[in-house]
Amino acid sequence: MSGCRKRCKREMLKCAQYLLRLLTGSLHTDSVEDELEMATVRHRPEALELLEAQSKFTKKELQILYRGFKNECPSGVVNEETFKEIYSQFFPQGDSTTYAHFLFNAFDTDHNGAVSFEDFIKGLSILLRGTVQEKLNWAFNLYDINKDGYITKEEMLDIMKAIYDMMGKCTYPVLKEDAPRQHVETFFQKMDKNKDGVVTIDEFIESCQKDENIMRSMQLFENVI
């Protein structure tokens with residue numbers, strides 16, 4: 001495998017690790033690795049400058065990411081099946097299909113069935129360099145599966161089951177079958193302030209901002225690349 005392909009996959013893995021730990025409030029500083037080499041690639045100047053203005057990456061960082069992305073995805077876009085295939089390599093001990101589906105939909109902001117380099121960069125920019133508000137909005141959008149502005153227990157349970165399936169039973173030998181549901185109940189007791197059975201974006205952000213673990217997690221990856 002070429003070096004640029006490895007760099008692209010490393011960036012996707014970092015993003016996957018970040019998302020999992022952000023959403024569970026368990027990020028650790030020792031998980032941060034910065035192994036990227038500096039590289040150059042030809043771009044259309046206007047496209048590069050536009051992305052630089054729309055994201056929080058430098059021109060050199062965008063060049064590195066673009067080279068890796070194009071070598072992994074020569075067509076310039078990733079469809080859902082390819083996204084799932086890439087993601088499955090990071091979690092061979094489990095089934096990452098469902099979680100990759102939810103994650104793909106979060107990156108595919110225009111819902112056209114494909115994640116372009118621009119989509120990838122905009123999402124990555126938020127997750128790695130965004131403000132707390134931007135990161136929490138992105139996380140809420142991931143949980144809000146049907147995009148109606150609310151997180152229901154059913155949606156949260158679907159996400160939790162997908163995470164446990166992805167990590168694999170061998171990773172959690174002591175967990176009971178109802179562990180995802182218990183996680184959801186804890187989540188709603190904490191965040192559903194008015195006890196109406198759904199969590200709004202305001203409730204989500206307010207609860208997360210009061211959680212020291214989540215707030216610490218959001219500061220660790222600001223300079224991953």
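Buried means under 20% relative accessible area, exposed over 50%, and partly exposed in between, with a 1.4 Å probe and protein chains only. This is a predicted model: local features need pLDDT of at least 70, side-chain atom pairs count only at pLDDT 80 or more, and totals for chains, interfaces and linings use all residues. Residues are numbered from 1 along each chain as its sequence is written, and side-chain values use heavy atoms, with hydrogens and water left out.

**Exercise 1. Classify Asp202 as buried or exposed, and place Asp202 in the fold.**

Step 1. Take the relative accessible area of Asp202: 58%. Asp202 is therefore exposed.
Step 2. Find the element. Asp202 belongs to helix α10, residues 201-209. Helices (H or I, at least four residues) and strands (E, at least two) are DSSP runs, numbered from the N terminus.
Step 3. Check a distance. Between the C-alpha atoms of Asp202 and Phe140 there are 10.0 Å, and along the chain 62 residues.

**Exercise 2. Describe the chain as a whole: its helices and strands, its buried share and its contacts.**

Step 1. The chain has eleven helices and four strands.
Step 2. Of its 225 residues, 47% are buried.
Step 3. Contact means heavy atoms within 4.5 Å. Among contacts with a separation of 6 or more, 65% come from residues 24 or more positions apart.

**Exercise 3. Sort two aromatic pairs by geometry: Phe83 with Tyr87, and Tyr143 with Phe187.**

Step 1. Set the rule. Rings of Phe, Tyr and Trp (its six-membered ring) pair if their centres lie within 6.5 Å; planes under 30 degrees apart count as stacked, over 60 as edge-to-face and the rest as tilted. The count by this rule is 14 aromatic pairs.
Step 2. Phe83 and Tyr87 are stacked, at 5.8 Å centre to centre and 15 degrees between the planes. Both sit in helix α4 (residues 80-88), four residues apart, about one turn of the helix. Phe83 and Tyr87 are both buried.
Step 3. Tyr143 and Phe187 have ring centres 5.8 Å apart and planes at 55 degrees, so this pair is tilted. Tyr143 is in helix α7 (residues 132-143) and Phe187 in helix α9 (residues 179-191), so the pair ties together parts 44 residues apart in sequence. Tyr143 and Phe187 are buried too.
Step 4. Look for a wider group. One aromatic cluster has Phe83 and Tyr87 as members, with others including Phe91, Phe117 and Trp138.

**Exercise 4. Which parts of the chain do the salt bridges Lys56–Glu134, Arg129–Glu61 and Asp211–Lys190 link?**

Step 1. A salt bridge is a side-chain nitrogen of Lys or Arg within 4 Å of a carboxyl oxygen of Asp or Glu. Seven salt bridges are counted by this rule.
Step 2. In Lys56–Glu134 the closest N and O atoms are 3.3 Å apart. This pair links distant parts, 78 residues apart: Lys56 in the loop between α2 (45-54) and α3 (59-72), Glu134 in helix α7. Lys56 is partly exposed at 40% relative accessible area, and Glu134 is partly exposed at 31%.
Step 3. Arg129 and Glu61 meet at 3.0 Å, N to O. Arg129 is in helix α6 (residues 117-129) and Glu61 in helix α3, 68 residues apart. Both Arg129 and Glu61 are buried.
Step 4. Asp211 and Lys190 meet at 2.3 Å, N to O. Asp211 is in the loop between α10 and α11 (212-217) and Lys190 in helix α9, so the pair ties together parts 21 residues apart in sequence. Asp211 is buried at 15%, while Lys190 is partly exposed at 38%.
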